[in-house]
Amino acid sequence: MSVRRLAPAEDQPASFSFTEENERWIEKQIAKYPDGRQASAVIPMLWQAQKQHDGWLPQRAIEAVAARLGMPVIRVLEVATFYTMFNLEPVGRWFIQLCGTVPCHVKGSLDLKQVLLERIGDQQHVTADGNFSWLEVECLGACCNAPMLQINDDYYEDLTPDLLIKLLDDLAAGREVKPGPQNGRHASEPHDAVKTLQDPALFDGSLVGSWRKRFEQQDVKTPDEAKAAGEVVPPKAPEPAPAAAPTPQTEKQAATATGPNDPKPGRPDAGRPEHSAAADAPAQRAKSGEEPVAAAKQADASDASSKEGSETTGEPVPAPQSEKSEEPTPSRPSEGKPAAAADEPEASKAPRGRSKETE
Amino acid sequence: MTKIIVDDVEVDVPADYTLLQACEAAGAEIPRFCFHERLSIAGNCRMCLVELKGAPKPVASCAWGVRDCRPGPNGEPPTVVTKSPMVKKAREGVMEFLLINHPLDCPICDQGGECDLQDQAMAYGVDSSRFHENKRAVPDKYIGPLVKTSMNRCIHCTRCIRFVAEVAGVPDLGATGRGEDMEITTYLERAMGSELQANVADLCPVGALTHKPQAFNGRPWELIKTPSIDVMDAVGSNIRVDARGREVMRVLPRVHEDINEEWISDKTRQHVDGLKLQRLDRPFLRENGRLRPATWAEAFAAIAAKLKGADPKRVGAIAGDLAAVEEMWALRSLMTALGSPNIDCRQDGSVLSPAHGRASYLFNPTIAGIEEADAVLIVGANPRREAAIVNARLRKRWRIGPLPVGVVGERVDLTYDYAYLGAGPESLAQLAKGGEFLDLLKSAERPLILVGAGIAARPDGAAVLAAVASLAAAVGAVTEGWNGLAVLQNAASRVGGLDIGFVPGEGGLAAPAMVEAGALDVLFNLGADEIAISPGAFVIYQGTHGDDGAHRADVILPGAAYTEKSGTYVNTEGRVQQTNRAVFPPGEAREDWAILRALSDVVGHRLPFDSLPALRRELHAAHPHLAALDEIAAGDGRATLDAWAALGGSASSAGFVSPVADFYLTNPIARASRIMAECSALHVTPALEAAE
């Protein structure tokens with residue numbers, strides 16, 4: 001979209017008045033609104049003026065609408081320049097609006113654009129015979145029949161460059177054209193053989209309704225499953241627990257395990273380093289009371305070859321670690337996890353990040 | 001009242017407050033661009049974001065009501081945080097977006113130094129841009145001779161649009177296009193039509209709209225700022241005179257809630273170039289029909305010679321519309337000493353007189369009181385031209401709620417709807433007989449009858465005032481606690497002059513009689529330029545500008561304009577205010593009271609004061625209410641009605657005409673101003689031509 005202004009003075013008609021038929025129509029429109037709200041009829045009136053005046057709005061029409069509704073002219077101009085459907089400059093007899101939004105774009109609207117450029121010329125430029133002008137617009141809402149364009153009031157869909165050239169030829173020659181899909185398709189039905197509903201999988205419950213079945217199964221839970229999912233179960237006897245933390249075996253268990261234990265914070269933080277434990281930022285170090293990294297060490301850190309030296313200083317430098325590790329947290333007795341987990345070797349209890357360092 | 005916690009401070013505010021107001025009540029400062037407390041809320045700049053506990057995102061505090069906040073989980077008051085890192089980051093984001101398209105031309109921008117964007121960028125801006133595209137470029141628009149546009153700088157706060165649509169009531173400005181292509185403009189770049197239009201440049205938080213006459217003239221920090229009072233009309237708008245060296249650079253409004261809120265009219269603001277042009281900077285003496293520069297001594301000697309053998313009954317004095325109370329007091333004292341009863345401060349020939357009581361020439365309901373009125377009848381006034389600020393207040397009242405307004409007089413656009421009741425005294429009589437509007441006035445609790453000072457200046461002024469008085473009595477305009485009789489003066493000096501009794505004494509002549517041929521031998525003209533003086537009399541003109549009065553004068557004594565002296569002015573409400581000296585008078589011009597004091601010595605009647613404080617002591621002893629600055633000494637409304645009703649005479653059938661035909665050219669200073677001439681040529685001349 002670009003700045004929209006009224007057409008230059010040489011294109012402007014000297015006067016504008018609604019036809020008698022339109023006057024009657026306007027009266028009906030204005031009567032729709034309560035007293036003192038007549039200005040609400042501004043968009044229908046502008047639209048009717050545009051229809052009456054070969055598809056574009058001259059300055060005099062804007063002034064006529066303002067006078068008719070008792071509005072300041074600038075208020076009507078605001079509306080007319082706001083909505084791109086009001087054409088402020090002359091358009092061709094066939095005014096083409098080419099959809100250039102993503103679905104049409106991937107289906108080849110660029111090729112159609114090339115055709116229009118070659119056939120008609122630049123956008124918002126009326127051909128010498130006054131027949132055509134075109135404009136690239138945003139989505140016209142017929143993506144299932146992409147690529148498409150609108151000519152005056154009708155959609156012409158499923159176009160290819162050849163079909164578009166033929167369409168333009170037909171229009172120019174005055175032959176009748178049929179709105180809608182141009183490739184023989186009916187409405188937005190599948191173009192080839194219709195077989196969508198013939199797949200048996202649709203009806204045996206394996207495809208349609210499988211989600212619901214999964215949820216129904218989840219509701220009926222056995223104690224074993226609940227325990228495996230990490231819920232609080234009074235320990236009966238020390239059981240040989242798996243060496244590592246309970247790993248979700250199935251997708252279903254993972255879903256139930258992570259849900260309530262990891263609530264989404266009610267308020268997003270501002271995204272600053274000190275709010276997030278995910279990064280090893282200086283601000284975060286300061287917050288947790290750690291010594292700031294000396295400038296010399298920062299310089300070292302950037303040089304891989306000097307890494308050895310830094311370790312010989314004797315001060316253990318903690319490696320970056322995260323509380324939000326994607327690894328499951330090792331179980332702890334205090335959290336109600338199986339007690340056996342507490343007997344594990346030190347190494348496996350340590351966070352994975354640190355254990356890497358010890359290796 | 002609703003409790004709310006702002007930055008750990010609990011405040012109790014009305015529920016209809018916005019969060020922004022509540023935060024300010026709690027002492028927190030909220031940055032803003034689009035929000036203005038006297039305009040409707042737009043909520044489009046997003047600079048006032050605050051953190052509201054419980055809301056998922058920062059909220060725009062200007063558009064979020066206190067009553068819309070949820071309490072805490074245990075019923076605690078809602079909590080707002082204005083200084084959290086999240087708020088700062090959010091505002092920094094807004095500022096970055098605002099600056100994306102804002103040009104970096106502060107060094108050449110007239111708003112520099114008083115720019116909201118500049119100030120707030122100091123707190124929320126970043127030092128460099130992450131925007132690598134081209135900046136938006138917008139053509140500048142012509143929107144009139146008073147406001148210069150630099151549309152690249154516009155941040156689309158829409159304050160200007162809201163001001164002209166809501167306060168000024170002349171919806172000329174609008175925003176065309178949308179999104180990045182939005183542009184502020186008038187329809188086809190016509191000039192704005194309001195007489196309050198220059199206020200949009202004050203409202204503009206950036207340098208997009210600046211004052212055209214002051215373009216590239218100075219920086220705010222090099223100006224000496226003097227609080228003062230405007231004398232362009234009788235409203236007494238509070239202004240700030242910004243001067244550099246000996247030159248008044250500009251006039252800006254000062255906030256006075258009871259008078260001008262924070263608006264001033266275009267004439268008040270942009271007449272300042274008239275203070276430098278056409279000035280009388282030395283005494284002049286007429287010799288052989290031509291004025292020649294003279295010394296003070298020569299001028300005084302000429303006056304003394306004329307006064308020497310003159311019959312006191314054939315000596316008179318007229319005070320003009322810009323005279324301060326002090327010089328009128330000095331002139332009155334001098335005339336009393338000379339034994340002359342011929343003094344008048346009503347050069348328009350008005351019959352308003354202190355004899356009818358102080359309430360008979362005051363805007364009794366007060367300007368702020370307009371907001372309490374519930375029905376308004378305007379008789380013979382065009383408040384839009386005579387007192388634009390009063391008209392803005394009437395419009396404000398009209399916007400607050402249903403207000404029946406009736407007009408007897410000219411049929412003009414007053415920026416609000418009114419019932420047109422007729423043109424002249426006959427319509428007034430018709431109204432008094434009965435009818436729908438009379439019933440409205442009668443049923444109103446506080447009816448306001450706005451009487452233009454112009455009707456008292458008509459030949460049948462007394463009869464019209466009597467008719468107004470009987471109407472006011474019939475509708476109960478003057479009751480206990482409400483005096484709805486509002487005389488709208490249009491001369492800054494008038495109320496002060498009437499207060500000190502600058503009116504003809506026993507057997508004295510009024511102004512129209514004084515200027516008639518053969519009435520007087522010596523006429524002292526204190527800045528009265530709107531009255532034609534017939535040939536014959538020896539005229540001493542004391543004033544500031546080479547205007548009509550000076551052309552007729554035989555001796556010219558150069559005085560000081562209101563920016564060059566400390567003078568007392570009483571506005572149409574009866575509110576006493578003082579101007580302050582911002583600059584010195586040009587050349588040999590002197591303060592007016594001092595000229596009269598010096599002259600009195602030469603003519604042999606030395607006035608008993610040697611300094612302004614001494615003069616004021618004497619003045620305040622005689623009229624104590626003039627000592628109470630910014631106060632209104634109310635008059636007795638009932639006595640006024642009785643006094644007016646006793647006035648007789650028969651009214652003519654001529655329609656009421658506002659005495660202010662050209663809003664921009666009402667006094668010598670404004671007539672000397674190029675800007676005012678341009679405005680007049682643009683707005684008034686075509687209207688007058690169209691009317692013919």
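# A tour of chains A and B

Start by selecting B:R130, which is exposed at a relative accessible area of 64%, where exposed means over 50%, buried under 20% and partly exposed in between, for a 1.4 Å probe and protein chains only. The model is predicted, so local features need pLDDT of at least 70 and side-chain atom pairs count only at pLDDT 80 or more, while totals for chains, interfaces and linings use all residues. Residues are numbered from 1 along each chain as its sequence is written, chains are lettered from A and ligands numbered from 1 in the order in which they are written, and side-chain values use heavy atoms, with hydrogens and water left out.

## From B:R130 to other salt bridges

Add B:E96 to the selection: B:E96 and B:R130 form a salt bridge whose closest N and O atoms are 2.8 Å apart, a salt bridge being a side-chain nitrogen of Lys or Arg within 4 Å of a carboxyl oxygen of Asp or Glu. Because B:E96 lies in helix α2 of chain B and B:R130 in the loop between α3 (116–124) and β6 (147–149), the pair ties together parts that are 34 residues apart in sequence; helices (H or I, at least four residues) and strands (E, at least two) are DSSP runs, numbered from the N terminus. B:E96 itself is partly exposed, at 22% relative accessibility.

The structure holds 55 salt bridges over all chains, and a second one to display is the pair of B:R292 and B:E298, at 3.2 Å from N to O. Here B:R292 is partly exposed at 25%, and B:E298 is partly exposed at 31%. Then select B:R38, B:E257, B:E261, B:E262, B:E371, B:R393 and B:K396, which are linked in a network of salt bridges.

## The interface of chains B and A

Next, colour the contact between the chains, which takes 24 residues from chain B and 23 residues from chain A, with contact meaning heavy atoms within 4.5 Å. About 1900 Å² is buried between the two chains, and carbon and sulfur atoms give 57% of that area; buried area is the accessible area (1.4 Å probe) that two parts lose on being put together, summed over both. On the side of chain B, the residues that lose the most area to chain A are B:R178, B:D181 and B:Y187, which together account for 34% of what that side buries.

One salt bridge is found across this interface, and to see it, select A:R5 and B:E183, whose side chains meet at 2.9 Å, N to O. At least two residues of the side of chain B that touches chain A come from each of α2 (85–100), α4 (159–167), β7 (173–176) and β8 (183–186) of chain B.

## Helix α2 of chain A

Now move to A:Q48 in helix α2 (residues 42–52) of chain A, a residue that is buried with a relative accessible area of 11%. Leaving out residues up to four places away in sequence, A:Q48 touches A:F18, A:N22 and A:W25. Other residues of α2(A) are buried as well, including A:V42, A:P44, A:M45 and A:L46, and what covers the buried residues of this helix includes α1 (20–31), α3 (59–69) and α4 (73–82) of chain A. Following the helix is A:D54, whose phi is positive, near 55°.

From two of those covering helices, select A:R68 and A:E27, whose side chains meet in a salt bridge at 3.9 Å, N to O. This pair links distant parts of the chain, with A:R68 in helix α3 and A:E27 in helix α1, 41 residues apart.

## Backbone stops

Most residues other than glycine have a negative phi, and most peptide bonds are trans. With that in mind, go to the peptide bond from A:A146 to A:P147, which is cis with omega near -5°; A:P147 is in the loop between β2 (132–137) and β3 (149–151) of chain A.

In chain B, B:Q278 is not a glycine and yet has a positive phi of about 60°, and it counts as exposed at 52% relative accessibility. B:T415, likewise not a glycine, has a positive phi of about 75°, but B:T415 counts as buried at 8% relative accessibility.

## A last stop in strand β23

Finish at B:A486 in strand β23 (residues 485–488) of chain B, which is buried with a relative accessible area of 0%. Beyond its neighbours within four places in sequence, B:A486 is in contact with residues including B:L362, B:F363, B:N364 and B:P365.
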